[in-house]
Amino acid sequence: MFTKILIANRGEIACRVIKTARRLGIKTVAVYSDADTGARHVAMADEAVHIGGSAARESYLVVDKILDATRRTGAQAIHPGYGFLSENAGFADACARAGVVFIGPPPSAIRAMGSKSEAKKIMEKAKVPLVPGYHGDDQSPDLLAKEAERIGFPVLIKASAGGGGKGMRVVETAEKFKDALEGAKREAKASFADDHVLVEKYLSRPRHIEIQVFADSHGGCVYLFERDCSIQRRHQKVIEEAPAPNMDPARRKQMGEAAVAAAKAIGYVGAGTVEFIANQDGSFYFMEMNTRLQVEHPVTEAITGLDLVREQIRVAEGHGLTLRQEDVQFRGHAIECRINAEDPRTFAPSPGLVKGYHAPGGMNVRVDSGLYAGYKVPPYYDSMIAKLIVYGTTREGALRRLRRALEEYVIEGMKTTIPLHQALLSDPDFLSGDYTIKWLEEWLARED
Ligand code: ADP
């Protein structure tokens, strides 16, 4: 049993992990950069270690500094949160060498899913459905163009090492292929130092539906249902909900079983997410697997009643899952809004001093955030400053509660995306759950 863990992260997720650890009687160690001296996670933890400069590459991304802080404080395990080192297999290896438990999957599973092309090869073998496409090693432009022709336009070029929507290009016609390929490769090289790409069929009106899976180190693996993350801007999630609106139970079971097969194919352990792209006709395809806790995990917690961080810690301690698939149930409906320090129209970042702050509360309203009045949101990190999660016994009830909670939320001193969420709540398509991954961008274009 762990008595002390270090959280190699900051912001809302560091605070969220600390809360569960404290409930379990585990002491916590925070790490922080220059910019985060006054951050909430530092105040909340039992101990805090300064690890360097404000830029993440001088602090949160430096493996040796994290391990050094772990040694100095005697923490037995590290929770990486999401982002930063959470999907860095080299970091997971270094933890093992240092005799510290990495609260996450084995490095081999992180590596297997680190390349979208390699992941697709593994999934093909495990008979998980894939978007028709090409994910081979031959990268010659002529061959890729030929493959695009075979797949049929429109196609999507994706960086194998990609993430956050970078290195992706939609190509409508054969004439535009080579230019787009160059652009995607250039962006991939700049962002990931790796210009390997894959090409797949571009689906025009799909939904993004992902399955939460959980595996232990004894071969147990269950799925904890789906989240619909179709409300996106520039391939980044804005609102997530669970369950997916209008999901039919047979499809849920098929997707859940496919996700478990995916996890088992790579010897997965811990919390993971298998992302699918789903068509209206019921077909669905594997996109990628995220080998960490996701930003949107609270909606799954709300409908299942499970604390996923507690389960992560238990599994990392070597315990088997107490749940069998037949025991996992869900009830009601949960919605999460990502609240960013950004202009709600232009999406320009708007960090700065929080002059006034009031977070909504009450029954079935959860706010995960590190904000407080007097806190200065630093410009160095992701602009997401809070997540508002509501639960209702029905989707309608959750939407009503969301409207009330958004009205109650006060963040003074900076622009936030709260007004965007409020505007979406009066759109009939959003209210009926009738949207695809294209929907928000089309909506924004109309509102402009
Ligand atoms: P990243 O790792 O950069 O986030 P993903 O492969 O997860 O990239 O894709 C990001 C988003 O791009 C998805 O959520 C979906 O909205 C869109 N997308 C991905 N693949 C396709 C596809 N084949 N057709 C249409 N849209 C897609």
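The questions below concern the ligand site, helix packing and some backbone features of a predicted model.

User: What makes H4 and H5 roughly antiparallel to each other?

Analyst: The axes of helix H4 (residues 89–98) and helix H5 (residues 107–114) cross at roughly 170° and come within 8 Å. Angles over 145 degrees count as roughly antiparallel, therefore H4 and H5 get that description.

User: Which residues meet where H4 packs on H5?

Analyst: From H4 come Ala89, Gly90, Ala92 and Asp93, and from H5 come Pro107, Ile110 and Arg111. By class, this contact has four nonpolar, one polar and two charged residues.

User: Why are H5 and H6 called roughly perpendicular?

Analyst: H5 packs against helix H6 (residues 116–125) at an angle of about 105°, and their axes are 5 Å apart. The range for roughly perpendicular is 65 to 115 degrees, so the term applies to H5 and H6. In this contact Ala112, Met113 and Gly114 of H5 meet Lys116, Glu118, Ala119, Ile122 and Met123 of H6. The classes here are five nonpolar, one polar and two charged.

User: What makes the approach of Glu288 to the ligand a polar contact?

Analyst: A polar side-chain atom of Glu288 lies 2.8 Å from an oxygen atom of the ligand. The cut-off for a pair of N or O atoms is 3.5 Å, so the pair with Glu288 qualifies. For Lys158 the corresponding distance to a ligand oxygen atom is 2.9 Å. For His235, an N or O atom in the side chain is 3.0 Å from an oxygen atom of the ligand.

User: How do you know whether the ligand is buried or exposed?

Analyst: Taken alone, the ligand exposes 550 Å², and the protein buries 96% of that.

User: What makes up the shell around the ligand?

Analyst: The ligand is surrounded by 21 residues, and the closest are Lys116, Gly165, His208, Gln232 and Glu288. They divide into eight nonpolar, seven polar and six charged. Strands E7 (155–159), E9 (197–201), E13 (270–278) and E14 (284–290) each supply at least two residues of this shell.

User: Why are some peptide bonds and phi values singled out?

Analyst: Most peptide bonds are trans, and most residues other than glycine have a negative phi. The bond joining Phe153 and Pro154 is cis, with omega about -5°, and Pro154 is in the loop between helix H7 (141–151) and E7. The bond from Ala242 to Pro243 is also cis, with omega near -5°. Pro243 lies in the loop between strand E12 (236–242) and helix H9 (249–265). Phe347 is not a glycine, yet has a positive phi of about 65°. Phe347 is placed in the loop between strand E15 (333–340) and strand E16 (352–353).

How values were computed. Residues are numbered from 1 along each chain as its sequence is written. This is a predicted model: local features need pLDDT of at least 70, side-chain atom pairs count only at pLDDT 80 or more; totals for chains, interfaces and linings use all residues. Side-chain values use heavy atoms; hydrogens and water are left out. A residue is near a molecule or strand if one of its heavy atoms lies within 4 Å of it. A polar contact is a pair of N or O atoms within 3.5 Å; within protein, one must be able to donate a hydrogen and the other to accept it, and residues adjacent in sequence count only if both atoms are side-chain atoms. Accessible areas come from the Shrake-Rupley method with a 1.4 Å probe; for residues, only the protein chains shown count as cover. Helices (H or I, at least four residues) and strands (E, at least two) are DSSP runs, numbered from the N terminus. Ala, Val, Leu, Ile, Met, Phe, Trp, Tyr, Cys and Pro count as nonpolar, Asp, Glu, Lys and Arg as charged, and the others, Gly among them, as polar. Axes are lines fitted to C-alpha atoms, for helices over the stretch in contact, and angles run from 0 to 180 degrees between N-to-C directions. Angles under 35 degrees count as roughly parallel, over 145 as roughly antiparallel, 65 to 115 as roughly perpendicular and the rest as oblique. Contact means heavy atoms within 4.5 Å.
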